[in-house]
Amino acid sequence: MKTKIMIFGTFDIIHPGHESLFKQARALVEDPYLVVSVGRDEVVERIKGFRPRNTEEVRRGVVALHPLVDQAILGDKEGYMEHIKAEKPDIIALGYDQKGEYVNSLERDIENAGLPTMITRLQAYQPERYKTSKLV
């Protein structure tokens, strides 16, 4: 049986940092099934202070086509637990730079939802070079 790993992000343009994120997440287990949660336009704007250049559907579509991704979904418009509960990931792999409201309460919220999900943090991959804000 495959191990379901979930990662989150905006994925406005796919770059080598994202490729590394996908590879690191898949390398966590022997038989991975990678689910990528693509941030909603309004949520990204609220968190980052600006809208992504590509719409959520375009971003989800591009991520879905990536050979390392098994499934690409849109995140929740409010909160974040509904789509996590629906997917029931075995592992949530956070990017090195993910922080804030969701990350701070994620462990408690996972536990309160009764999910046996493990949370791990992935390593940075040349962040001085590969970060969407530096590339656009």
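Start by selecting Asp41, which counts as buried because its relative accessibility is 9%, below the 20% under which a residue is called buried. Keep in mind throughout the tour that the model on screen is a predicted one.

With Asp41 still selected, add Arg59, whose side chain meets that of Asp41 in a salt bridge with an N to O distance of 2.7 Å. The two residues belong to distant parts of the chain, since Arg59 sits in helix 3 and Asp41 in helix 2, 18 residues apart. Arg59 is buried, as Asp41 is.

Now bring in Arg51, which forms a salt bridge with Asp41 as well, here at 3.8 Å from N to O. Arg51 lies in the loop between helix 2 (41-48) and helix 3 (56-65), whereas Asp41 is in helix 2, so that this pair, ten residues apart, again links distant parts of the chain. Buried or exposed, how does Arg51 count? Its relative accessibility is 43%, and Arg51 therefore counts as partly exposed.

For another pair, move to helix 4 (residues 81-87) and select Glu82 and Lys85, which are separated by about one helical turn because they stand three residues apart in that helix. Their side chains meet in a salt bridge of 3.4 Å, N to O. Glu82 is exposed, with a relative accessible area of 51%, while Lys85, at 33%, is partly exposed. Returning to the earlier group, and adding Glu45 to the selection, you will have the four residues Asp41, Glu45, Arg51 and Arg59, which salt bridges with shared partners join into one network. The structure as a whole holds ten salt bridges.

Next, turn to the sheet and display its strands. Five strands form an open sheet in the order 3-2-1-4-5, with parallel pairing. At the edges stand strand 3 (71-74) and strand 5 (118-121), and since each has a single partner strand, one side of each is left without a neighbour in the sheet. If you look across the sheet, neighbouring strands are turned against each other by 25° on average, direction ignored.

Select strand 1 (residues 3-9) on its own: five of its seven residues are buried, and the strand is therefore largely enclosed by the rest of the structure. Then add strand 2 (residues 32-38), which pairs with strand 1 in the parallel sense over seven bridges. On the other pairing, strand 4 (residues 91-94) runs parallel to strand 1 and is joined to it by two bridges.

Which residue of strand 2 stands opposite Met6? It is Val35, and in strand 4 the bridge partner of Met6 is Ile92. Selecting Ile5 as well will lead you to Ile91, its bridge partner in strand 4.

To see how strand 1 and strand 2 are connected, add helix 1 (residues 16-26) to the view, and follow the right-handed β-α-β unit that strand 1, this helix and strand 2 make.

Finish at His15, which is placed in the loop between strand 1 and helix 1. With a relative accessibility of 7%, His15 counts as buried. Add Gly17 to the selection and check its backbone nitrogen, which lies 3.0 Å from a polar atom of the His15 side chain.

How values were computed
Residues are numbered from 1 along each chain as its sequence is written. This is a predicted model: local features need pLDDT of at least 70, side-chain atom pairs count only at pLDDT 80 or more; totals for chains, interfaces and linings use all residues. Side-chain values use heavy atoms; hydrogens and water are left out. Buried means under 20% relative accessible area, exposed over 50%, partly exposed in between (1.4 Å probe, protein chains only). Helices (H or I, at least four residues) and strands (E, at least two) are DSSP runs, numbered from the N terminus. Two strands pair if DSSP finds at least two bridges between them. A crossover is right-handed if, with the strands pointing away from the viewer, the path from the first strand over the helix to the second runs clockwise. Axes are lines fitted to C-alpha atoms, for helices over the stretch in contact, and angles run from 0 to 180 degrees between N-to-C directions. A polar contact is a pair of N or O atoms within 3.5 Å; within protein, one must be able to donate a hydrogen and the other to accept it, and residues adjacent in sequence count only if both atoms are side-chain atoms.
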